[in-house]
Amino acid sequence: MHRLKLLLAGTVAAMALSSATAHAERGTDGDLKILFWQAVSTMNPFLSGGTKEVFASSMVIEPLARTDENGKLVAYLATEIPTLENGGLAKDLLSLTWKLKPDVKWSDGSPFTAEDVIFTWKYCTAPDGGCAQKAQYEGVKDVEAIDPHTVKVTFTEPKPYPYSAFVGSQSPIIQAKQFADCVGAKAPGCTAANFGPIGTGAFVVADFKPNDVITFKANPNYRDPAKPAFASVTLKGGGDAASAARAVLETGEYDYAWNTMVEPEVLQTMLAAGKGRLESAFGTNVERINLNWTNPDPALGDKRSTTEAGPHPALKDPAVRRALSLAIDRDIIVEAGYGAAGKATCNIVPAPEAVASTKNDSWCLKQDLEAANKLLDDAGWVKGSDGIRAKEGVKLNFLYSTSTNSVRQATQELVKSMWAEIGVGAELRNASASVFFGGDPASPDTFQKFYADVEMYTNNFDGTDPEKYLAEWLCNQMPGPSNGWQGQNIPRYCNPEYDKMVGVLSKTADPEKRAELAKQLNDMLTEEGAHIPLVHRGDLSAFAVSLEGVRMNSWDSQLWNVADWYRKK
Amino acid sequence: MFTFTLRRLFFAIPTLLVISFVIFALLDLAPNDPTGDLPLTIPPEVREQIRASLGLDQPFFFRYLAWLRQFFINEPLNIIESLTGWQFGDGERMRVLSWATRSPVVDLIVQRLPQTLWVVGLAYLFGILIAIPIGVISAYKQYSIFDQIGTFISMVGYSVPTFFTGVLLVVIFSSHLQWFPSVYDTNLRVTDFSSFIAQVKQMVLPVAVLSLYNASQIARFVRASMLDNLHQDYVRTARAKGVKEKAVLLVHVLRNSLIPVVTVIALGVPTIFSGAIITEQIFRVNGLGQLLITAVQGADIPLVQTLTFIFAVLIVLFNLIADVLYGILDPRIRYD
């Protein structure tokens, strides 16, 4: 672990040094070889929504602004970030005016204008199009051109945090000319455009083999004549995370492997070959155990895990919820399953720093079996002959489900043994990820149905503002038969006070006050035990030692600054 | 023989229709969802719209009939159009579209076929070429050292899964010795001698893994079949007539022993097309096997349906070919 940290620190220092030196010209550093163990299916992120497609397409198509590795907005196709101070954001919070860079060209040589921005909005919000990024344009009433290089976005209601549409790799601008005949139901038919979008980014698609390999060439019309340093990029897909890490760290065949989430000890032996390094960046991913506040008893039939089933017989007791959290040693889980890509956390909103609370760290971050046992003793839960606590015929024996994944199954085992020490039993279960996260209302194994007492998975929020995310725990967001099991309040947590505070947050514009409210909401969820946050998960990727200029970013595509990457001479 | 072939072909049609329906129904019943792999930040109502845009909001029978139409009418018409340049109607017809890539399934299959045929096909061929001599010698010198070693290796090759041998070869020959690449480059075009060498190098490991597996399987068949024939009366008669031992073995025994082996080989040909899912995944050959497994994982139902159905067609077809070959090779068997 120490060696890895040293290595990371070393590369950071090397990067700081090298970024001071002047860069070479465009296309002098040959071919950049990238490995995605999940192959890319399409280059149109609007038709896919998968992370791999969003990342791959971010080399070609760009948004107006991105979030950098520190969580700060940086203008890309816009000249600056519109704010209240510079007048870009209207005082009534009802409109946002973007000024576009005047001399940006598409890779086919035609000029980039406000029309393209408007078209992108129309493309993604068209009915029957099935645009995967539609949520980015939520609350947008109209997008209009003030002049060819000024775009005004109007909202249906005041938007305290307006940087969602046209910001970030999920919301890039596509060329109006190329996609003009591909709107709505016609979108999937435009295979040539979907596989090779014309963009403003550093690279253009030269060849696309779906679910296999993509070849990119440097964009001859890229706005910085000295970039990109690489003449071409080969993005190969397929395989698994361990062999992808091996191809960079051990055999040195590739320069960059995305998402090398492998057991830390396996990575350590690969690093010994000295051909590559690992870099991690922390966004908002939190692995958590959701506690079911409603009764999942199979005897209740269709009513199970809904409010109609009534509160959970054991988990309705706040002492039980807190004891379950106290019994867990998060550091061991991090060490065994996540290594450099994980930190113990007690927050559901772990980042950016401005909104990350530290209030509950004192009691929750460290395992305290004594306190947990005492809590349960005081609450009247008595150990039986089998070592499991019970009270009034209710046993502390929980069905613990998650998705199939080696790290998750190892974590389940660890948590089970930790809970055993406070007299809580657990029955482990896992379901294939495509079923667990599939959301099929007919399947009993989805995480929304929550036909278990506790369940574990990771979730996060896009961008740096947690407002929409925190609104997921509203009372009316509970999944149930009435909404086709589609709500996002998975624990079925309901607190009118929480609902009220979310309402205040949605009307507050001042960033400091927003951060304060977000922290309070986050603390409320942890303290009341809607869930047990376990690990703040980072993104972990492998890079060749010769690759420089990488700024690992968790807020945007990891390839966000691929234009600045170069090879150490 | 000809009427037999025709009759069998005719009976294949209802069989295949039933197969296509069963596959479709099974896939529909599977608790899998094309939006299951998307990040959780994409809200449920957007997922619902994505499903609707894929046609999932329509009833089961409607979707099945649409697939039948697309696969049996639209796709063949398209192939005829692209081959002959003729135009039927306005050329605008719904093709079988993959849900993950949103591109025509047939194009994906055409793109993947060469890699699979080269790697898996070559491994099958090598497997046969290695297996026959080993099987013959093993049987002829039964219980000799050669037989013991040969039987042992084929037992090991047959029992050890390819996901073990594949990773083992990568660790030895790619990580340590660095002789061969561990990732297959599907963009490589053979234009000169050096690119030919590169192509051979990247094919060595996957072909070796699959050859070992195929050879082990076939060698055991050849040996068993040879042993059956070696103790027959006609062999003793041939020897008594004073026929040379070489002729007895290679002309009399081998020819007769190959009859069941040829059937086994013919029945195995469809597996070349279905690819070697695990081996392709390990070496990133990205052929049909990898296409099928990513489609299964991503719930890309049109792609899974079409691929599985094509495999079903091949299996039915090669069963017929095996039967016909049997009749040709063995004069005792007559179908009419």
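Reader: Which residues of helix H12(B) are called buried, and what makes them so?

Author: In this predicted model, the buried residues of H12(B) are B:Ile301, B:Pro302, B:Leu303, B:Val304, B:Gln305, B:Thr306, B:Leu307 and B:Thr308. The label requires 20 or more other C-beta atoms within 10 Å of the residue's own, and these residues therefore carry it.

Reader: What covers the buried residues of H12(B)?

Author: The cover includes helix H1 (2-29), helix H3 (60-84), H4 and helix H11 (288-297) of chain B.

Reader: How do you know that the span of helix H12 of chain B is close to the expected one?

Author: Helix H12 (residues 301-329) has 29 residues. At 1.5 Å a residue the expectation is 42 Å, and the helix reaches 41 Å from its first C-alpha to its last. The two values are close.

Reader: What is the make-up of chain B as a whole?

Author: Chain B has 12 helices and zero strands. Its elements, taken from the N terminus on, run α-α-α-α-α-α-α-α-α-α-α-α. The C-alpha atoms of chain B fill a box of roughly 80 × 60 × 40 Å along the principal axes. Of its 336 residues, 35% count as buried. Among contacts in chain B with a separation of 6 or more, 70% are accounted for by residues 24 or more positions apart.

Reader: Why does the radius of gyration of chain A agree with a compact globule?

Author: For 569 residues, a compact globule would have a radius of gyration near 25 Å. Chain A has 25 Å, so the value agrees. The C-alpha atoms of chain A fill a box of roughly 75 × 55 × 45 Å. Of the 569 residues, 54% count as buried. The secondary structure of chain A comes to 17 helices and 21 strands.

Reader: What makes strand E11 of chain A largely enclosed?

Author: The strand covers residues 276-291, and 15 of its 16 residues are buried, so the rest of the structure largely encloses it.

Reader: How do you know that E11(A) and strand E19 of chain A pair?

Author: Pairing needs at least two bridges. E11(A) and strand E19 (residues 531-544) have 13 bridges, in the antiparallel sense, so the condition is met. One of the bridge partners is A:Ser541 in E19(A), which goes with A:Glu279. Strand E18 (residues 454-459) of chain A also pairs with E11(A) in the antiparallel sense, over six bridges. There A:Asn290 stands opposite A:Glu455 in E18(A).

Reader: Why is A:Ala281 called partly exposed?

Author: A:Ala281 lies in strand E11 of chain A. It has 16 other C-beta atoms within 10 Å. Buried would need 20 or more and exposed 12 or fewer, so a count in between is called partly exposed.

Reader: What is A:Ala281 in contact with, leaving aside its neighbours within four places in sequence?

Author: Its contacts are A:Glu69, A:Gly538, A:Asp539, A:Met552, A:Asn553 and A:Ser554. The C-alpha atoms of A:Ala281 and A:Arg551 are separated by 9.1 Å, with these positions 270 residues apart along the chain.

Reader: What makes strands E13 and E15 of chain A edge strands?

Author: The open sheet of three strands has the order E13-E14-E15 (chain A), with antiparallel pairing. Strand E13 (382-383) and strand E15 (394-395) each have a single partner strand, so one side of each has no neighbour in the sheet.

Reader: How do you know that E13(A) and strand E14 of chain A pair?

Author: They share two bridges in the antiparallel sense. At least two are required, so the pair qualifies. One of these is between A:Lys383 and A:Arg389, the latter in E14(A).

Reader: Which residues touch the most other members of the largest nonpolar core?

Author: They are A:Ala245, A:Val248 and A:Ala257, out of 217 residues. The largest share of this core, 13 residues, comes from helix H4 (residues 105-140) of chain B. Beyond its neighbours within four places in sequence, A:Ala257 is in contact with residues including A:Leu35, A:Ala244, A:Ala245 and A:Ser541.

Reader: How many residues does each chain give to the contact?

Author: Chain A gives 46 residues and chain B gives 44 residues. On the side of chain A, the elements that give two or more residues are helix H6 (191-195), strand E8 (213-218), helix H7 (241-249) and helix H14 (433-436). By class, that side has 13 nonpolar, 22 polar and 11 charged residues.

Conventions
Residues numbered from 1 in each chain as written. Chains lettered and ligands numbered in written order. Predicted model: local features only at pLDDT ≥ 70, side-chain atom pairs only at ≥ 80, totals over all residues. Contact = placed C-beta atoms within 7 Å. Helix = DSSP H or I, 4+ residues; strand = E, 2+ residues; numbered from the N terminus. Nonpolar A, V, L, I, M, F, W, Y, C, P; charged D, E, K, R; others polar. Core = buried A, V, L, I, M, F, W, Y, C linked by C-beta atoms within 7 Å. Rg over C-alpha atoms; globule rule 2.2 N^0.38 Å. Expected span 1.5 Å × (residues − 1).
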